[in-house]
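Me: Please take a close look at one helix in this model and at what surrounds it. I would like to know which side of the helix is covered, what covers it, and what cross-links are found in the rest of the chain.

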Amino acid sequence: MRTSNKVLSCVSALLAAGAAQADSSDPIIAPIHNWSSQIVMSHVIGKIFESQGNHVEYVTTDSQAVYESVRLGDVTFEPEVWEGAFGASFRAALEKGGIEDVATHQAVTREDWWYPMWTKDACPGLPDWQALNDCAAKFATPETGDKGRFLGGPVDWLKHDAEKVEALGMNFQVVNAGSAAAIWAELAAAEKDKTPVVVFNWTPNFAEAVWPGEFVNFPEWVEGCDTDPAVGPVPDKTFDCGNPANGYLKIAAWEGMKEKWPTSYAALQKVTFTNAQIAEMAKLVDIDEMEPEDAAQAWLDANEAVWKPWTE
């Protein structure tokens with residue numbers, strides 16, 4: 001009986017070792033961008049791949065150029081394809097080939113102009129964009145003169161806010177933040193004396209739990225309003241619309257991943273996060289001030305029931 005138990009133990013050990021055997025000696029390349037949820041999510045998924053025996057390396061990558069990098073196999077996957085910010089780059093890469101639409105998160109996204117609720121006291125007609133424009137002087141700064149100041153996201157997010165301002169004839173000037181952290185710093189500073197402020201924001205993230213607010217309602221997004229002047233309320237202008245109010249959040253992967261790292265590819269196909277889960281990832285860094293790697297491990301430790309089935 002003792003011999004039988006030893007045999008069974010050896011078999012179990014061999015099976016466990018086999019389960020964690022690497023698909024390839026080459027590393028899976030995970031991208032790192034300039035907002036917290038994406039950084040933590042890359043590490044969360046990377047650690048899941050490492051639990052399967054594969055090796056993962058992280059590279060800082062431009063958030064628009066990454067789709068070309070994935071298409072060419074220089075980056076293995078992209079965990080956060082936001083429709084509003086990166087849909088055009090993603091679709092262009094899909095048309096060229098080499099990149100796959102692997103999965104869609106449960107999360108629903110929105111990315112647009114946004115204000116904290118105290119701003120509505122100074123501009124009661126909000127969230128209507130025309131009411132905001134009528135209040136433009138209340139957002140003016142020495143930097144923008146008599147125009148209102150809109151703090152946009154980093155330039156590489158390509159939100160086309162200046163084109164929107166021009167198309168809709170708004171009395172605003174777009175100033176781009178250097179990072180997501182700069183937007184949060186702007187909101188924290190404005191909160192102290194309830195200074196009216198309008199900034200680029202997005203959901204899911206932690207911010208609305210800290211600063212309740214609303215998105216500005218621009219003319220409704222219609223497919224083509226960003227490319228065809230005939231689409232949208234202004235006949236000769238593009239970008240005369242808001243961003244999609246119910247945007248997708250997808251996962252992309254290099255088409256060669258399924259053959260080179262089949263175990264991790266199979267897991268990636270199952271990955272899906274909710275708005276609340278993604279907001280929690282961002283909160284661990286932006287509010288709790290954890291390092292992204294530590295935040296990823298903390299999320300994994302607290303959510304084994306969520307991600308373990310993806311590896312089975």
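Reply: The account below starts with one helix, moves to its neighbours, and ends with the salt bridges and disulfides.

The model is predicted, and every value here is computed from it. The helix chosen is α8, which runs over residues 180–193. Its buried residues are Ala180, Ile183, Trp184, Leu187 and Ala190. Viewed along the axis of α8, these residues fall within an arc of 130°, so they line one face of the helix. The general rule behind such a pattern is that an α-helix has 3.6 residues a turn, so residues three or four places apart point the same way. The face of α8 turned away from the buried side carries Lys192 and Asp193, both exposed. After the helix comes Lys194, which has a positive phi, near 55°.

What lies against the buried face? The buried residues of α8 pack against two kinds of element. The strands are β5 (110–116), β6 and β8 (198–203). The helices are α5, α9 (207–210) and α12 (275–286).

One of these partners, β6, is also tied to α8 by charge. Glu186 and Arg149 form a salt bridge through their side chains, with 2.6 Å from N to O. Glu186 belongs to α8 and Arg149 to β6, so this pair ties together parts that are 37 residues apart in sequence. Glu186 is partly exposed, at 22% relative accessibility. Arg149, in contrast, is buried, with a relative accessible area of 15%; the cut-off for buried is under 20%.

Helix α7 (residues 161–168) can be described in the same terms. Its buried residues are Asp161, Lys164, Val165, Ala167 and Leu168. They cover an arc of only 170° around the axis, which puts them on the same side of α7. The elements covering them include β5, α6, β6 and β7 (172–176). Strands β5 and β6 therefore appear in the lists for both helices, for α8 and for α7, and the buried residues of each helix fall on one side, as the arcs for α8 and α7 show. Gly169 follows α7 and has a positive phi, near 65°.

Another partner of α8, helix α5, has a salt bridge of its own. The side chains of Lys120 and Glu214 meet at 3.2 Å, N to O. Glu214 is in strand β9 and Lys120 in helix α5, so the bridge ties together parts that are 94 residues apart in sequence. Glu214 is partly exposed, with a relative accessible area of 23%, and Lys120 also counts as partly exposed, at 23% relative accessibility.

The structure holds 12 salt bridges, and one of them is between Glu68 and Lys96, with 3.4 Å from N to O. This pair links distant parts of the chain, with Glu68 in helix α3 (residues 66–72) and Lys96 in helix α4 (residues 83–96), 28 residues apart. Glu68 is partly exposed, with a relative accessible area of 29%, while Lys96 is exposed at 56% relative accessibility.

The covalent cross-links come last. The count is 2 disulfides. Cys123 is joined to Cys135, with 2.2 Å from S to S, and the link is right-handed, with 95° about the S-S bond. Cys123 lies in the loop between α5 (118–122) and α6 (129–134), and Cys135 in the loop between α6 and β6 (148–152), so the pair ties together parts that are 12 residues apart in sequence. Cys123 counts as buried at 1% relative accessibility, and Cys135 counts as buried at 13%.

The other disulfide joins Cys225 to Cys241, with 2.1 Å from S to S. Its link is also right-handed, with 75° about the S-S bond. Cys225 and Cys241 both lie in the loop between β9 (213–215) and β10 (249–254), so the pair ties together parts that are 16 residues apart in sequence. Both of these cysteines are buried. With the bonded cysteines numbered in sequence order, the pairing is 1-2, 3-4.

Technical notes
Residues numbered from 1 in each chain as written. Predicted model: local features only at pLDDT ≥ 70, side-chain atom pairs only at ≥ 80, totals over all residues. Heavy atoms only, no water. Disulfide = S-S within 2.5 Å. Helix = DSSP H or I, 4+ residues; strand = E, 2+ residues; numbered from the N terminus. Buried < 20%, exposed > 50% of the residue type's maximum accessible area, 1.4 Å probe, protein only. Arc of directions from axis to C-beta. Contact = heavy atoms within 4.5 Å. Salt bridge = Lys/Arg side-chain N within 4 Å of Asp/Glu carboxyl O.
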